[in-house]
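These are my notes from going through one model. I took the surface and the overall make-up before the interior.

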Amino acid sequence: MKGLIVKDLALLRQAGSKILFFALVWGVVMTFVMDDISFTTGWVVLIAVIVSLSTLSYDEYDNCMPFLMSMPTSRRIYAAEKYVFSLLCGFIAWLCTLVIMIVCSLTTGKGFPGAEDFLGSVMFLPVMMLVPSVTLPAQFKWGAQKGRNALFILFGVVFVAGFLIEKFGSGLAGAAAKLETLPMGGFVLGCMAAGVVITLASVFLSIRIMEKKEF
């Protein structure tokens, strides 16, 4: 797996470094405009994960997959590595961005961010797990392009669901009020646990797809 991670890092440095840099700069600017640390961390984390998933497109380019499968690795390790790599990139992006935002907040006299700001940033970690969990099985099954379509569908479903809840979800007011009474830390831990379960199920599905796939 180490060799696959090194390969993907080389691909990411070549293809995605500029995108990550501009995403970070844009996020910093929007942080000062919106005065919200969680926005920047979430923005950069999602961009980092999406860019890291593009390495699968490069693996499929010019029919390179048969060559990769002839290397001293296995389909199981290859599938698991894509999850490890994307989540590792997302977590490093989250950690680096959070440190930068704290430094910027302190240097501008706004003080150390509060617990709510930090927990708001942590809430993007389960979202980070959801992105590869949805896209990677589709990419392994149908290719990189349809995997990206699955990602767009995911964002579309989330947007439409949010719109419908806001427009017609008056009946959910009671449930929302109950959620507000829950401790924020417990809610975040619950979301993290759900993200881990979904990711593990997705890894199992991707491994099954890769083991049956013909190149």
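I looked up the accessible surface of the protein, and the total is about 12500 Å². Carbon and sulfur atoms account for 73% of that area. I note here that the model is predicted.

I then checked burial for the whole chain. Of the 215 residues, 38% count as buried.

Secondary structure was next. I find 11 helices and zero strands. Read from the N terminus on, the order of elements is α-α-α-α-α-α-α-α-α-α-α.

I looked at how far apart in sequence the contacting residues are. Taking contacts between residues at least 6 apart, I get 82% that join residues at least 24 apart.

One such long separation I followed up is Val-203 with Tyr-83. The two are 120 residues apart along the chain, and their C-alpha atoms are separated by 7.4 Å. Val-203 belongs to helix H11. Is Val-203 buried or exposed? Its relative accessible area is 18%, and buried means under 20%, so I enter Val-203 as buried.

I went on to the largest nonpolar core, which has 26 residues. Which of them touch the most other members? They are Tyr-78, Phe-140 and Met-210. I listed the elements that give two or more residues to this core: helix H3 (37-53), helix H5 (65-69), H6, helix H8 (124-142) and helix H11 (184-212). H6 supplies the largest share, six residues.

I took Phe-140 for a closer look and left out residues up to four places away in sequence. Its contacts then include Tyr-78 and Met-210, the two residues named with Phe-140 above. Also on the list are Leu-56, Ala-79, Lys-82, Tyr-83, Ser-206, Ile-209 and Lys-213. Tyr-83 is thus a contact of Phe-140 and also the partner I had paired with Val-203.

There is a second, separate core of six residues. Among its members I noted Leu-12, Ile-47, Val-51 and Phe-85.

Last, I returned to the surface and looked for nonpolar patches. Leu-88, Phe-91, Ile-92, Leu-95, Val-99 and Val-103 form one, with about 490 Å² of accessible area together. I picked out Leu-95, which sits in helix H6 (residues 75-107). How does Leu-95 count in terms of exposure, and at what relative accessibility? The value is 41%, so Leu-95 goes down as partly exposed. H6 therefore appears twice in my notes, once as the source of six residues of the largest core and once as the place of Leu-95, a partly exposed residue.

Conventions
Residues numbered from 1 in each chain as written. Predicted model: local features only at pLDDT ≥ 70, side-chain atom pairs only at ≥ 80, totals over all residues. Heavy atoms only, no water. Patch = residues over 30% accessible without salt bridge, like charges linked within 9 Å, V, L, I, M, F, W, Y side chains within 5 Å. Areas by Shrake-Rupley, 256 points an atom, 1.4 Å probe, with all protein chains shown as cover. Salt bridge = Lys/Arg side-chain N within 4 Å of Asp/Glu carboxyl O. Helix = DSSP H or I, 4+ residues; strand = E, 2+ residues; numbered from the N terminus. Buried < 20%, exposed > 50% of the residue type's maximum accessible area, 1.4 Å probe, protein only. Core = buried A, V, L, I, M, F, W, Y, C linked by side-chain atoms within 4.5 Å. Contact = heavy atoms within 4.5 Å.
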